[in-house]
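Let's take a walk through this structure together, going from a single side chain outwards. Keep the viewer open as you read.

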Amino acid sequence: MYLTEVLAEHIATIAGRKPPPEVRDVVMRCILDLIGAALAGHRSNGPAAARQAAPKIFGSGRAPIWLAGQTSTSAGAIFCNAAAACALDIDDGHRAARGHPGSGVVTTALTLGAASGSGADDVIAAIVAGYDVGVRVAAAQNPSGIPTRQSGRWISMATAATAAALFKLEPPAVAEALSIAGVLAPNQQANGSSGYSTLTGNDVKEGIAWSSAAGVMAIELARYGHTGPLDLLDHSGFYDPHRILAGLGQRWEISETYFKPYACCRYIHPALDRLLELVERHHVKPGHIVSIDIQTFGWALRLGNRLEPENLVEVQYSLPYCVAIAIVDGADALLPITTACLRRPDLIDLAAKVRLSVHGDADHLFPSETLARVVIETRKTTLVSDLGGALGDPRMPLLWHGLEAKFRRLTRTTMTVSDQQAWLDAILTLAAGDEKPLFCELANNRQSIPVVQSSC
């Protein structure tokens, strides 16, 4: 059998049984985290443009575009919803994949689930399938054959797996869909820290939204007999078959999901955590600082790292500027980042004091771990942190109460407390087996204060 066929059988198995309770718990945390990210990112430039363009690109349909009072085709709604979910770079991620599965997988499961009237258990199983297939494919990429490391390279296969599990498609069609999705995914060659372009401050970013839609398109094509290269994953110069198959059906990739407490690239997070520990412990003030040395893995140095970012996307990929925000405005200013941080002389001056260098141990352990050490030189002393990882990793997890607090912070300026609680209750109701309240919330056009009363 080709690996696409093996994965297709695996998807069918997941769709036919409930996941273990501990896996189900992670799924619910992924849903909570994703919805918070989408609510916070809804008004950003990229999602707003996607919603305006969707009718012309995708046409009409009955799949809900969240918070917009609009519907579109399944691909169109997923494109818009995924764009909102990943806009602020606050969505979940996975170290093995070196990318963000949730903004594609959870978005696809909830969007298609609402449009098709799927039950809660089917939605949850589909999310497990999407993470498991997507992360395995991503982790198996051979960098000599696939040099770019952007999520868009593999999210299409993750969302195809999600849709296939949700609709309980027969494995032969699923194998074709995975093959089609893998070919049609955006190549991402130009964009991001692993591409050749240095202009990272744009809305394409990792191509997650388009790749998510492409996966659903692949499912529809395969349903009608379209075919792809079934041997897509069977070439070691491009994919490691052992990584794809390791622990298949016994180890669930979603269990290693990380969650982000700051709305910026994950490569920045370990440095922020080490920095904030020093600032809090030693009561460091911005005026005390002579220099800040960030010692981390090499890929963090390949970010845009603009000292004077011109837009919020450039802020998300600037380690020095995020460090400056954390020191001057505090950690809450990074959840989410707003335009209030742009063009500020105090932040620009402090960002210019940040030096970036590669730490040998951190570089060696990447990507299985993302580590950093921070050295702050003040007028009176030198402060040195430990070499450590980031909050939200499986070793230092954000559990339900932490993610609930994150959700409330992300939406605090756009929702009343009662509406925040309505969302949280709806998610918990899904966990109990009733999907209707959450689907209703997602279809409603209510986010801003004052809030239009729901008709559901």
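A good place to begin is C264, which is buried, with a relative accessible area of 0%. C264 takes part in no disulfide, and the nearest cysteine sulfur belongs to C322, 4.1 Å away. Please bear in mind that the model is a predicted one. Turn to C322 and you meet the other side of that pair: C322 is in no disulfide either, and its nearest cysteine sulfur is that of C264. C322 is also buried, at a relative accessible area of 0%. Why do these two sulfurs not count as a disulfide? A disulfide needs the two sulfur atoms within 2.5 Å, whereas the sulfur of C322 lies 4.1 Å from that of C264. Across the structure, the number of disulfides is 0.

Charged pairs come next. Side chains of opposite charge can pair when their charged atoms come close. How many salt bridges does a search of the whole structure find? The search gives 21, and a few of them deserve a visit.

Start with E253 and R136, whose side chains meet in a salt bridge with an N to O distance of 4.0 Å. This pair links distant parts of the chain, 117 residues apart: E253 sits in the loop between α10 (241–245) and β4 (257–258), while R136 belongs to helix α6 (residues 120–139). Are the two partners buried or exposed? E253 counts as buried because its relative accessibility is 1%, and R136 is buried too, with a relative accessible area of 0%.

Now look for R266 and D393, which form a salt bridge at 2.6 Å, N to O. R266 lies in the loop between β4 and α11 (269–282), and D393 in the loop between β8 (382–384) and α16 (400–410), so this salt bridge ties together parts that are 127 residues apart in sequence. R266 is buried, with 2% relative accessible area, and D393, at 10% relative accessibility, counts as buried as well.

A third salt bridge joins R306 and E314, with the closest N and O atoms 3.0 Å apart. Here the partners fall into separate classes: R306 is partly exposed, with a relative accessible area of 32%, whereas E314 is buried, at 9%. Salt bridges can also share partners, and in this way D132, R136, R243, R251 and E253 are joined into one network.

Let's move out to the surface. There, V183, L184 and L221 form a nonpolar patch, and together they have about 240 Å² of accessible area. V183 is part of helix α8 (residues 171–184), and this residue counts as partly exposed because its relative accessibility is 47%.

The last stop is the largest pocket, which has a volume of about 460 Å³. Which residues come closest to the centre of this pocket? Of the 31 lining residues, they are G46, N202, D203, V204 and K205. Several helices contribute to the lining: α3 (45–58), α4 (74–86), α9 (208–223) and α12 (312–316) each supply at least two residues. The largest share comes from α3, with 5 residues.

Conventions: Residues are numbered from 1 along each chain as its sequence is written. This is a predicted model: local features need pLDDT of at least 70, side-chain atom pairs count only at pLDDT 80 or more; totals for chains, interfaces and linings use all residues. Side-chain values use heavy atoms; hydrogens and water are left out. Patches are made of residues with over 30% relative accessible area and no salt bridge: like charges are joined within 9 Å, nonpolar side chains (Val, Leu, Ile, Met, Phe, Trp, Tyr) within 5 Å. Accessible areas come from the Shrake-Rupley method with a 1.4 Å probe; for residues, only the protein chains shown count as cover. Helices (H or I, at least four residues) and strands (E, at least two) are DSSP runs, numbered from the N terminus. Buried means under 20% relative accessible area, exposed over 50%, partly exposed in between (1.4 Å probe, protein chains only). On a 1 Å grid over the protein atoms alone, a cavity is a set of points where a 1.4 Å probe fits but cannot get out, and a pocket is an open set with protein on both sides within 12 Å along at least five of seven lines; lining residues have an atom within 4 Å of a point. Grid points are joined across faces, edges and corners, and a volume is the space filled by probe spheres set on the points.
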